[in-house]
Amino acid sequence: MTPDAPGRAGNRARYHGAGAPPRTARGRNRATRTAALLTAALLLVGGATAGCGGRATTHHKPGTSHEQATGSAGTLLDAQDPTGHRLREVPAEGAPEVRLAARPDSEDGWNLQLTVKNFRFTPDSTGGAALPGAGHAHLELDGRKLARLYGPWFHLPAAQVPEGAHALTVRLYADDHTAWAVAGKAVEGTLQLTATATAPGQGSHSHTPPPSPPASPSAQASPPEAPADRTVTLTVRDGKVTPAPGRTELRRGERVALHVTSDRADTLHVHGYDKELALPAGQEATLVLTADRTGLFEVETHESHLVLTQLLVR
């Protein structure tokens, strides 16, 4: 037994000598590795929260790229335009510009033309991020919003303009509904419009139509406009739509009548068809259209930004 003692001591020396780390050092190493793994996990979680590229994505519509969803332009100011939308400041050089012109329509109202520069209309990405020189426009009459515009032309019915002198204003907005601005002022165009008791364009034809032949006793009145194939009745009250928004399925070529009653003045818009309808407060208004285009089209209100229904045309 005694001769073996030095061997056991030697083994202990080899196991616990200078070549092997002490137990306290190994514990510190394990703690360091654990902390490093926790840090890496937190970084991965943070990266997933921020989204691809490290920037938070607040709106990513189907079919849009990451750049479209996270892109922005200019500087967002605390100041607002007259309708309460925040201003998005951009340098004067290369900034969007707009001019507004009105021409009397031969049948009713006026045809408005927007001439824009450094700007393009992007109806398909409305509600997305603010991209340079892109968006839509708002049309106002004496400071009251009439419609949201997605193109350079708009027909303004005489019924929407009371008799007298008025100021028409068109203002440019980004897809995120902020107003493009230069030097703290919204980018807009204005013109004066005077409405008379006689609708613009009445009697403006240069020729005199021939007299109509006397009607025979058997002559029949012109047949009324074809009735609608589908009727949708909707009510907007206290910011809620009744019945709840759903889909109205139509076959191509069918006619649909939209009967809408709103408790506040607003404007109805059918996307894709560019159909507008004024909604007087508390009164039913009707829009009849022929579904001659296939696809999914939203029907919404401009002021309250409510989706009333979706037209699914096959």
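Here is a short walk through a predicted model, starting with the whole protein and ending at one tyrosine, Y173.

Let's take the overall picture to begin with. The protein has 314 residues, and 35% of them count as buried. Its secondary structure is made up of 21 strands along with three helices. If you consider contacts between residues at least 6 apart in sequence, 60% of them join residues at least 24 apart. On the outside, the protein exposes about 18,900 Å², and 54% of that area is supplied by carbon and sulfur atoms.

Now let's zoom in on Y173. You can find this residue in strand 9, which covers residues 164-173. Is Y173 buried or exposed? Its relative accessible area is 0%, and because buried means under 20%, Y173 counts as buried.

What does Y173 touch, leaving aside residues up to four places away in sequence? Its contacts include D81, T83 and H85, as well as F119. Y173 also touches A134, G135, H136 and H138. T178, A179 and W180 are contacts of Y173 too.

The side chain of Y173 has polar partners worth finding on your screen. One is T83, whose side chain is joined to that of Y173 by a polar contact of 3.4 Å; T83 is also among the residues that Y173 touches. Another is R171, with a polar contact of 3.1 Å between its side chain and that of Y173. R171 lies within the residue range of strand 9, 164-173.

For one last landmark, look at T126. This residue is 47 residues from Y173 along the chain, and their C-alpha atoms are separated by 9.9 Å.

Key
Residues are numbered from 1 along each chain as its sequence is written. This is a predicted model: local features need pLDDT of at least 70, side-chain atom pairs count only at pLDDT 80 or more; totals for chains, interfaces and linings use all residues. Side-chain values use heavy atoms; hydrogens and water are left out. Helices (H or I, at least four residues) and strands (E, at least two) are DSSP runs, numbered from the N terminus. Buried means under 20% relative accessible area, exposed over 50%, partly exposed in between (1.4 Å probe, protein chains only). Contact means heavy atoms within 4.5 Å. A polar contact is a pair of N or O atoms within 3.5 Å; within protein, one must be able to donate a hydrogen and the other to accept it, and residues adjacent in sequence count only if both atoms are side-chain atoms. Accessible areas come from the Shrake-Rupley method with a 1.4 Å probe; for residues, only the protein chains shown count as cover.
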